[in-house]
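Subject: Structure handover

Hi,

Here is the structure I promised to pass on. My notes on what turned up in it follow below.

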Amino acid sequence: MRASEAARLGLENAQTKSRQSILSDMRLVARAYWKLWKNILRNDPLIFIHQMGKVGSSTIIETLRASGVNPDTVYHTHFLTPAGIRYWKEHAIEGLGGRQNFPPQLRRHLITSRIMGKRLNQRFLSRHRCRVITLVRDPVARNVSAFFNEYRRWPASLREHYVGNPATHLTELRKLFLETYPQDLPLTWFDMDLKPVFGIDVYA
């Protein structure tokens, strides 16, 4: 196959993926709005499990489901403010090499967070019942957990070697964690993404 033909096919594939991504996002947006308005019309209390990642929120979600809580009323969010969502998106793009590589769960989280972040204001909160569950974890343990969860951000050579023989690369991993991982999120998250949305100052 000639280089020009290969380039053309590559461009067509990229355009097809882009169209599919846009359509998928449109469906996610429609579902998120439908879920929100359905809850509002029923006057169901909205439950926000809103916290930084890697602090145990999945356990809370499963516990609520097991207790019979309507899953449609539960929102699992990490960021709701424009600044927080931008931080999260840029962090994901850096780690995954582009928005086109976002897994479905991440796309769903970002879209839901963006929609709810736009709707959550003092007027909305004064008219609709909301319950907020937020968690905290030892900041160092939280960062270590997130660092290993986000292994896609590691250099490719280190990823390959670590999977096969992790014990021999702990020095490199420690250096990467200390020098490149954003360490301050556990210290800034409550002021960045809980206080502006819900008016709750945990440090007060």
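Which residues do ring pairs link into a cluster? They are F147, F148, Y151, W154, F177 and Y181. Before the details, note that this is a predicted model.

**Confidence and layout**

Mean pLDDT for the protein is 84. Of its residues, 87% reach 70 or more. Among the elements, strand β1 (residues 46-50) has the highest mean pLDDT, at 94. Helix α1 (residues 3-42) has the lowest, at 71. Please keep that in mind for the pocket section.

The secondary structure comes to nine helices and three strands. From the N terminus on, the order is α-β-α-β-α-α-α-β-α-α-α-α. The protein has 204 residues, and 33% of them count as buried.

**Aromatic rings**

The count comes to 13 aromatic pairs. One of them is formed by F147 and Y181. A pair of aromatic rings is described by the distance of the centres and the angle of the planes. For F147 and Y181, the centres are 6.2 Å apart and the planes are at 85°. Planes over 60 degrees apart count as edge-to-face, and the F147 and Y181 pair is therefore edge-to-face.

This pair links distant parts of the chain. F147 sits in helix α6 (residues 139-149). Y181 is in the loop between α8 (170-180) and α9 (185-198). The two are 34 residues apart. Are F147 and Y181 buried or exposed? Both are buried.

W154 belongs to the ring cluster too. Its place is in the loop between α6 and α7 (156-164). Buried means under 20% relative accessible area. W154 comes to 4%, so W154 counts as buried. In space, W154 and L176 are 8.0 Å apart, C-alpha to C-alpha. Along the sequence, 22 residues separate W154 and L176.

Helix α7 holds R159. At 29% relative accessibility, R159 counts as partly exposed. The C-alpha atoms of R159 and L173 are separated by 9.8 Å. These two residues are 14 apart along the chain.

One charge is also placed over a ring. The charged end of K35 sits over the ring of Y75, 4.4 Å from its centre.

**Largest pocket**

What is the volume of the largest pocket? About 1,400 Å³. The lining takes in 47 residues. Closest to the pocket centre are H78, W88, Q105, L106 and H109.

Several elements give two or more residues to this lining:

- Helices α1, α2 (57-66), α3 (82-96), α4 (104-119), α6 and α9.
- Strand β2 (74-77).

So that the two points stay together: helix α1 is in that list, and α1 is the element with the lowest mean pLDDT. By residue class, the lining divides into 23 nonpolar, 12 polar and 12 charged.

**Backbone points**

Where does N43 lie? N43 is in the loop between α1 and β1. Its phi is near 60°, a positive value in a residue other than glycine. N43 has a relative accessible area of 43%, so N43 is partly exposed.

K54 also has a positive phi, about 65°, although K54 is not a glycine. K54 is placed in the loop between β1 and α2. With a relative accessible area of 32%, K54 is partly exposed.

That is the full handover.

Best wishes

Definitions and conventions:
Residues are numbered from 1 along each chain as its sequence is written. This is a predicted model: local features need pLDDT of at least 70, side-chain atom pairs count only at pLDDT 80 or more; totals for chains, interfaces and linings use all residues. Side-chain values use heavy atoms; hydrogens and water are left out. pLDDT is the predictor's confidence in each residue, from 0 to 100. Helices (H or I, at least four residues) and strands (E, at least two) are DSSP runs, numbered from the N terminus. Rings of Phe, Tyr and Trp (its six-membered ring) pair if their centres lie within 6.5 Å; planes under 30 degrees apart count as stacked, over 60 as edge-to-face and the rest as tilted. Buried means under 20% relative accessible area, exposed over 50%, partly exposed in between (1.4 Å probe, protein chains only). A charge sits over a ring if NZ of Lys or CZ of Arg is within 6 Å of the ring centre and within 35 degrees of the ring normal. On a 1 Å grid over the protein atoms alone, a cavity is a set of points where a 1.4 Å probe fits but cannot get out, and a pocket is an open set with protein on both sides within 12 Å along at least five of seven lines; lining residues have an atom within 4 Å of a point. Grid points are joined across faces, edges and corners, and a volume is the space filled by probe spheres set on the points. Ala, Val, Leu, Ile, Met, Phe, Trp, Tyr, Cys and Pro count as nonpolar, Asp, Glu, Lys and Arg as charged, and the others, Gly among them, as polar.
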